[in-house]
Amino acid sequence: MKITILTLFVEQFNSFLNTSIIKRIIDKGLVEVKVVDIRDYSLDIHRHVDDTPYGGGAGMLMKVDVLVRALKDNQNPSSYVLLTSPKAKPYKQEDAYRLSKKEDLIIVCGHYEGIDARFEDYVDENVSIGDYVLTGGELAAMVVMDSIMRLLDEGISADSLKEESYTNGLLEYPQYTRPVEFEGKEVPFVLTNGNHEEIRKYNLKMSLKETYLYRKDLLDNKTLNDEEKKMLQEIINELK
Ligand code: SAM
């Protein structure tokens with residue numbers, strides 16, 4: 001997979017691309033990442049990339065001609081172009097799975113007051129990481145890249161991805177590591193007794209409980225099997 005970032009702030013990506021699992025994924029050659037400075041595509045002697053909005057209003061907008069030049073120079077027929085923007089449905093894990101199948105992804109980072117609206121005709125999809133406004137698309141691009149790249153990592157087992165929050169429509173169950181007792185708080189006994197079926201049932205029930213407590217809306221969108229329905233009813237009764 002290839003990911004190209006178009007940004008005015010190339011240096012913001014240095015630490016992200018050179019740390020931990022993301023660095024390992026790049027070093028393994030699973031993803032080729034290119035970070036392109038949009039300013040290199042300004043024809044202006046002062047390398048201007050923004051201008052004031054028609055009709056007035058606060059702030060500066062990134063210019064469509066500069067953005068399109070930057071895009072076209074880095075695009076090929078298989079490129080799928082994402083524009084970071086608060087104007088989209090919030091990004092989800094299912095989007096990460098979908099986008100991880102693309103061969104060639106380009107992520108464009110806006111900045112300042114935003115971009116000239118005509119640039120939207122050149123993109124395949126707007127991507128928002130949540131219902132709030134950031135100063136620029138760089139953090140959003142990193143969030144999207146991180147969520148996609150870890151799905152490509154051969155080091156992350158398929159089982160671990162399957163049980164993660166959102167993958168099966170539920171939040172993940174709570175997990176514990178040594179010591180077995182800390183300041184009077186003990187790891188649930190069932191997790192230490194080695195009975196795999198009991199552990200499966202316990203984790204499933206805890207997963208349903210976390211989802212019920214923190215994201216009831218996910219349960220509205222999930223079809224529960226008989227075992228899950230029974231467990232959920234137990235949880236509701238226990239919480240009364
Ligand atoms: N004026 C715009 C508005 O009100 O919709 C906000 C522009 S914002 C200050 C500048 C840039 O940050 C945007 O062009 C976009 O690239 C990025 N950005 C801001 N919030 C974002 C979000 N929630 N998700 C993704 N990108 C975002």
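Author: Two strands count as a pair if DSSP finds at least two bridges between them. The model discussed here is predicted.

Reader: In which order do the five strands of the open sheet stand?

Author: Strands of a sheet pair through backbone hydrogen bonds, either parallel or antiparallel. In this open sheet of five strands the pairing is parallel. Read across the sheet, the order is S2-S1-S6-S5-S8.

Reader: Which strands stand at the edges of that sheet?

Author: An edge strand here has a single partner strand, so one side of it is left without a neighbour in the sheet. From one strand to the next, the twist averages 25 degrees. The strands at the edges are S2 (32-37) and S8.

Reader: Is strand S5 mostly covered or mostly open, and how many of its residues are buried?

Author: A residue is buried when its relative accessible area is under 20%. On one side of S5, Ser79, Val81 and Leu83 are buried, and on the other side Tyr80, Leu82 and Thr84 are buried, which leaves both faces covered. S5 spans residues 79-84 and is mostly covered, the buried count being six of its six residues.

Reader: Over how many bridges do S5 and S6 pair?

Author: S6 comprises residues 104-108, and its pairing with S5 runs in the parallel sense. Within this pair, leucine 82 stands opposite isoleucine 107 in S6. The number of bridges between S5 and S6 is five.

Reader: Which residue in S8 stands opposite threonine 84?

Author: S5 also pairs with S8 (residues 125-127), in the parallel sense and over three bridges. The residue in S8 opposite threonine 84 is valine 127.

Reader: What is the handedness of the β-α-β unit that S5, H4 and S6 make?

Author: The unit is built from S5, then helix H4 (residues 93-99), then S6. With the strands pointing away from the viewer, a path from the first strand over the helix to the second that runs clockwise is the right-handed case. The unit made by S5, H4 and S6 is right-handed.

Reader: Which residue in S4 stands opposite aspartate 50?

Author: A further open sheet has three strands in the order S3-S4-S7, with mixed pairing. Its edge strands are S3 (50-51) and S7, each of which pairs on one side only. S3 and S4 (residues 61-62) run antiparallel and are joined by two bridges. Opposite aspartate 50 in S4 stands methionine 62.

Reader: Are H7 and H9 oblique or parallel to each other?

Author: Two packed helices are described by the angle between their axes and the distance between the axes. The axes of H7 (residues 196-214) and H9 (residues 226-239) come within 9 Å and cross at roughly 60 degrees. Because of this angle, the relation of H7 to H9 is oblique.

Reader: Is the crossing of H2 and H5 left-handed or right-handed?

Author: The axes of H2 and H5 (residues 138-152) come within 10 Å, with a crossing of roughly 60 degrees. H2 is therefore oblique to H5. The crossing of H7 and H9 is right-handed, whereas that of H2 and H5 is left-handed.

Reader: What is the relative accessibility of serine 20?

Author: Serine 20 is found in helix H2 (residues 20-27). Its phi is near 50 degrees, a positive value in a residue other than glycine. Serine 20 counts as exposed because its relative accessibility is 53%.

Reader: What is the relative accessible area of tyrosine 112?

Author: Tyrosine 112 lies in the loop between S6 and S7 (114-115). It is not a glycine, yet its phi is positive, at about 55 degrees. Tyrosine 112 is partly exposed, and its relative accessible area is 34%.

Reader: What is omega for the peptide bond from arginine 178 to proline 179?

Author: Most residues other than glycine have a negative phi, and most peptide bonds are trans. Proline 179 is placed in the loop between H6 (158-162) and S9 (181-182). The bond from arginine 178 to proline 179 is cis, with omega near 5 degrees.

Reader: How far apart do the C-alpha centres of domain 1 and domain 2 lie?

Author: The domain assignment of the protein chain gives domain 1 as 2-157 and domain 2 as 163-239. The distance between their C-alpha centres is 36 Å.

How values were computed. Residues are numbered from 1 along each chain as its sequence is written. This is a predicted model: local features need pLDDT of at least 70, side-chain atom pairs count only at pLDDT 80 or more; totals for chains, interfaces and linings use all residues. Side-chain values use heavy atoms; hydrogens and water are left out. Domain bounds come from an automatic or database domain assignment. Buried means under 20% relative accessible area, exposed over 50%, partly exposed in between (1.4 Å probe, protein chains only). Helices (H or I, at least four residues) and strands (E, at least two) are DSSP runs, numbered from the N terminus. Axes are lines fitted to C-alpha atoms, for helices over the stretch in contact, and angles run from 0 to 180 degrees between N-to-C directions. Angles under 35 degrees count as roughly parallel, over 145 as roughly antiparallel, 65 to 115 as roughly perpendicular and the rest as oblique. A crossing is left-handed if the near helix is turned anticlockwise from the far one by less than a right angle, and right-handed if clockwise.
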